Amino acid sequence: MKTRLAAAAFALGLISSGSFRSEGDVEIYIRTTANSSVGFIHGVYHMALPDGTSTRPSEYTGSAFMVRDGWIASCRHVLAPWNDDARHRDMFASGAVPVFTVLTITFPGRSAMDIDPMTIRHSTLVDTAVARLSTPSDIPILEMREDGTEGTGVNAYVLGYPLGVGPLYYRSP
């Protein structure tokens with residue numbers, strides 16, 4: 001469980017408060033830098049079955065952040081959601097294949113961008129995954145801090161959209 005939690009925190013943009021002088025510095029960093037690197041994922045997929053039919057589409061949302069030029073990091077359950085769904089295990093055994101009809105990411109103030117499903121790479125041990133955007137972008141990279149201040153007793157901030165866009169609507173004027 002601890003490994004899964006750590007992987008999920010990484011995949012959503014963990015910020016260690018030990019890297020900053022004050023809580024105010026953390027808030028400034030999130031508002032001015034980190035915020036523009038965290039994106040909202042929208043996906044729709046179905047399972048193509050060997051007999052030529054397919055399952056009903058499944059729609060979901062999640063979060064990811066830019067980690068390299070054109071590459072995003074997220075949780076496996078966001079970029080490859082069928083891996084954590086027991087219903088799909090038997091389908092895979094019979095030769096079913098997941099097919100995305102929509103896989104996009106939207107960063108604050110930007111239009112939705114396509115994620116190339118063929119580039120998805122995920123861990124089989126922990127809940128992490130990476131994928132490449134279909135077109136180049138100038139989204140800032142969210143740099144992970146590994147300066148030795150991480151650890152027990154240090155506040156951490158996880159960035160993302162764990163409840164979808166609903167809470168954003170509630171906060172809108």
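These legends walk through several close-up views of one predicted model.

**Figure 1. The whole chain, start to finish.** Here is the overall layout before we zoom in. The chain has five helices and eight strands. Starting at the N terminus, the elements run α-β-α-β-β-β-α-α-β-β-β-β-α. Of the 173 residues in the chain, 37% count as buried. The accessible surface is about 10300 Å², and carbon and sulfur atoms take up 55% of that. If you look at contacts with a separation of 6 or more, 67% of them are between residues 24 or more positions apart.

**Figure 2. Six strands close into a barrel.** Go round the barrel and you meet the strands in the order 2-3-4-7-6-5, with antiparallel pairing. On average, neighbouring strands of this sheet are turned by 40 degrees against each other, direction ignored. As a reminder for reading the views that follow, side chains in a regular strand alternate between the two faces of the sheet.

**Figure 3. Strand 3 meets strand 4 in a hairpin.** Strand 3 covers residues 58-68 and strand 4 covers residues 71-74; the two are antiparallel and share four bridges. Close to the turn, look for Arg68, which stands opposite Trp71 in strand 4. Another pair to find is Phe65, opposite Ala73 in strand 4. Just two residues sit between the strands of this hairpin, and Gly70 in the turn has a positive phi of about 85 degrees.

**Figure 4. Strand 4 passes the barrel on to strand 7.** Four bridges hold this pairing, again in the antiparallel sense. To get your bearings, find Ser74: its bridge partner in strand 7 is Ala129.

**Figure 5. Strand 5 pairs with strand 2 and with strand 6.** How many bridges join strand 2 to strand 5? There are nine, and the two strands run antiparallel. One spot to check is Phe40, whose bridge partner in strand 5 is Thr106. Strand 5 and strand 6 also run antiparallel, joined by two bridges. In this pairing, Ile105 stands opposite Met113 in strand 6. Strand 5 and strand 6 form a hairpin too, with six residues between them. Gly109 in the turn has a positive phi of about 75 degrees.

**Figure 6. A salt bridge joins Arg110 and Asp138.** The count for the model comes to one salt bridge, and this is the view of that pair. The side chains of Arg110 and Asp138 meet at 2.6 Å, N to O. Where do the two residues sit along the chain? Arg110 is in the loop between strand 5 (97-106) and strand 6 (113-122), while Asp138 is in the loop between strand 7 (129-133) and strand 8 (156-158). That puts the partners 28 residues apart, so the pair links distant parts of the chain. Arg110 is partly exposed, with a relative accessible area of 36%. Asp138, at 58%, is exposed.

**Figure 7. Tyr45 and Trp82 form an edge-to-face aromatic pair.** The structure holds four aromatic pairs, and this view picks out the one made by Tyr45 and Trp82. Their rings are 5.2 Å apart centre to centre, with 65 degrees between the planes. Tyr45 belongs to strand 2 (residues 38-48) and Trp82 to the loop between helix 3 (76-79) and helix 4 (86-93), so the pair ties together parts of the chain 37 residues apart in sequence. Are these two residues buried or exposed? Both Tyr45 and Trp82 are buried. Widen the view a little and you can pick out one aromatic cluster made of Tyr45, Tyr60, Trp82 and Phe100.

**Figure 8. Ser37 is a buried loop residue.** You will find Ser37 in the loop between helix 2 (23-32) and strand 2. Its relative accessible area is 0%, which is why Ser37 counts as buried. What does Ser37 touch, not counting residues up to four places away in sequence? The contacts are Ala64, Phe65, Met66, Phe107, Ile139, Pro140, Ile141 and Leu142. For Phe65, the C-alpha atom is 5.5 Å from the C-alpha atom of Ser37, although the two residues are 28 residues apart along the chain. Phe65 also turned up in Figure 3, opposite Ala73 in strand 4.

Notes: Residues are numbered from 1 along each chain as its sequence is written. This is a predicted model: local features need pLDDT of at least 70, side-chain atom pairs count only at pLDDT 80 or more; totals for chains, interfaces and linings use all residues. Side-chain values use heavy atoms; hydrogens and water are left out. A salt bridge is a side-chain nitrogen of Lys or Arg within 4 Å of a carboxyl oxygen of Asp or Glu. Buried means under 20% relative accessible area, exposed over 50%, partly exposed in between (1.4 Å probe, protein chains only). Rings of Phe, Tyr and Trp (its six-membered ring) pair if their centres lie within 6.5 Å; planes under 30 degrees apart count as stacked, over 60 as edge-to-face and the rest as tilted. Two strands pair if DSSP finds at least two bridges between them. Axes are lines fitted to C-alpha atoms, for helices over the stretch in contact, and angles run from 0 to 180 degrees between N-to-C directions. Contact means heavy atoms within 4.5 Å. Accessible areas come from the Shrake-Rupley method with a 1.4 Å probe; for residues, only the protein chains shown count as cover.
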